[in-house]
Amino acid sequence: MPQIIPFAKVPIGENERKYIKEVLDSGWLTTAGKTLEFEKRFAEYVGAKYACAVNSCTAALHLGIDALGIQPGDKVFVPSMTFTASAEIIRYMNADPVFLDTEYQTNLITPAILNQAIQLHPEVKYLIIVHYGGQAAAMPEIMKICRENNIKILEDAAHAFPSRLNGKMVGSFGEVSCFSFYANKTITTGEGGMLVTDDEAIYKRVKTMRLHGINRDIWDRFTAKVPSWEYDVVEAGYKYNMPDVNAAIGLGQLEQAELFRTERQRAVEYYYAHLQSLEMIDLPLSHVPNEDHAWHLFPLVLNEKANISRNTFIEKMSEAGIGTSVHYKPLHHMTYYKERYKLVAADYPNAERTWQGNVSLPLYPFMPEDDLAYICNTITQILTQPQPEPQPEPQP
Ligand SMILES: Cc1ncc(COP(=O)(O)O)c(C=O)c1O
């Protein structure tokens, strides 16, 4: 059966088309005025001094950890329950991840988890905190612990725009926060990311490393009075700049960010209202008011009362035409990390419990109520209908 309700759907409309047309008409497609405008508006939105647009959140995280001054051999706390990008950037720098368990039903690193980890690994100098699913981690407490233990924080806010905590936007807490504008994120540029900071030295380092370690960006070279050919290379940098075509989509999306967030919240509230009586699933837990949550994901966990495995559940949803996903297969199960760091599942009990049954439901703006009803009815049917008894093995 063809899929009738996708897992994710990008809302693109006239606003994005208007900005893209301006870029196409300008004849300047790579990084220029639209990117600058997107950076300025994004920084204002999250309440940060500086924003640097790049071509992915992975690039932003890489530039961020470099700018924080990491050295080869340094150790970095990172959750196991995250996308590989959060950890791979540590390896880009020849440093090593120390994987942490996360809280069940939020998949966040909590102050208690962090305190325990510091006792076990006092040598760790960095923390990558992931605002999983769009819910902010407990930043004031986590920042206090890190200050007391000389640990620098890099915020992986790939899921967390727009997210708030105690009235402050994610992006205005720590030294460096990195956002993703990948196609299924809460706002998109197709591919793209943004690094924000209040620290001028970090900003300058990131701007240089973003474009080959060149001391002037292309826009500056072609618009300034100094001859455009003249530039210096001061570092071996990267090619991570965001083209204006992408920034144009971002500008169009940014203006609708709160509308999109409200729309996601509407779908989430429908899910809570119609699924919470099912005792065989654990729904996501929120420590913040619904209005402060970006709701990038709605991950549920099939618990020990469910008479069906996660994989069979996903197959049945797919047969019913409903797209789902899994966030995440924890990194301690991924061959590269598991083998290199000799990781043992028993060290991550909450992530393990989640991994046994985690499924993310479709979630995007403007989901028709009929679709939400169909999804909830299908889930109820799958979980409450008796499953066929396992067949005995045929005798030889
Ligand atoms: C937690 C997390 N961090 C980082 C990334 C990387 O984002 P990007 O695809 O923009 O590089 C993702 C992507 O899904 C993510 O989920």
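**Exercise 1. Find which residue forms a salt bridge with Glu258, and place that pair in the arrangement of the two domains.**

Step 1. Glu258 pairs with Arg164 in a salt bridge whose closest N and O atoms are 3.7 Å apart, where a salt bridge means a side-chain nitrogen of Lys or Arg within 4 Å of a carboxyl oxygen of Asp or Glu. This is a predicted model, in which local features need pLDDT of at least 70 and side-chain atom pairs count only at pLDDT 80 or more, while totals for chains, interfaces and linings use all residues. Residues are numbered from 1 along each chain as its sequence is written, and side-chain values use heavy atoms, with hydrogens and water left out.

Step 2. The protein is divided into domain 1 (14-256) and domain 2 (258-384), with bounds that come from an automatic or database domain assignment. Between domain 1 and domain 2 the count is 2 salt bridges.

Step 3. On the side of domain 1 that touches domain 2, at least two residues each are supplied by α4 (84-92), β3 (96-100) and β6 (164-165); helices (H or I, at least four residues) and strands (E, at least two) are DSSP runs, numbered from the N terminus.

**Exercise 2. Describe the extent of the contact between domain 1 and domain 2.**

Step 1. The C-alpha centres of the two domains lie 26 Å apart, and 39 residues of domain 1 are in contact with 40 residues of domain 2, contact meaning heavy atoms within 4.5 Å.

Step 2. Together, domain 1 and domain 2 bury about 3500 Å², of which 53% is on carbon and sulfur atoms; buried area is the accessible area (1.4 Å probe) that two parts lose on being put together, summed over both.

**Exercise 3. Work out which geometry the rings of Phe99 and Tyr337 adopt.**

Step 1. The count for the structure comes to 17 aromatic pairs, where rings of Phe, Tyr and Trp (its six-membered ring) pair if their centres lie within 6.5 Å, and planes under 30 degrees apart count as stacked, over 60 as edge-to-face and the rest as tilted.

Step 2. The ring centres of Phe99 and Tyr337 are 5.3 Å apart and their planes stand at 70°, so the pair is edge-to-face.

Step 3. Because Phe99 lies in strand β3 and Tyr337 in helix α12 (residues 335-341), the pair ties together parts that are 238 residues apart in sequence.

**Exercise 4. Locate the salt bridge of Lys125, and then the cis peptide bonds that end at Pro162 and Tyr328.**

Step 1. A search of the whole structure finds 18 salt bridges, including one between Lys125 and Asp74, with the closest N and O atoms 3.4 Å apart. Lys125 is in the loop between α5 (111-120) and β4 (126-130), whereas Asp74 is in the loop between α3 (57-67) and β2 (75-79), 51 residues apart.

Step 2. The peptide bond from Phe161 to Pro162 is cis, with omega near -10°, and Pro162 lies in the loop between β5 (152-156) and β6.

Step 3. The peptide bond from His327 to Tyr328 is cis, with omega near 10°, and Tyr328 is found in the loop between α11 (310-319) and α12.
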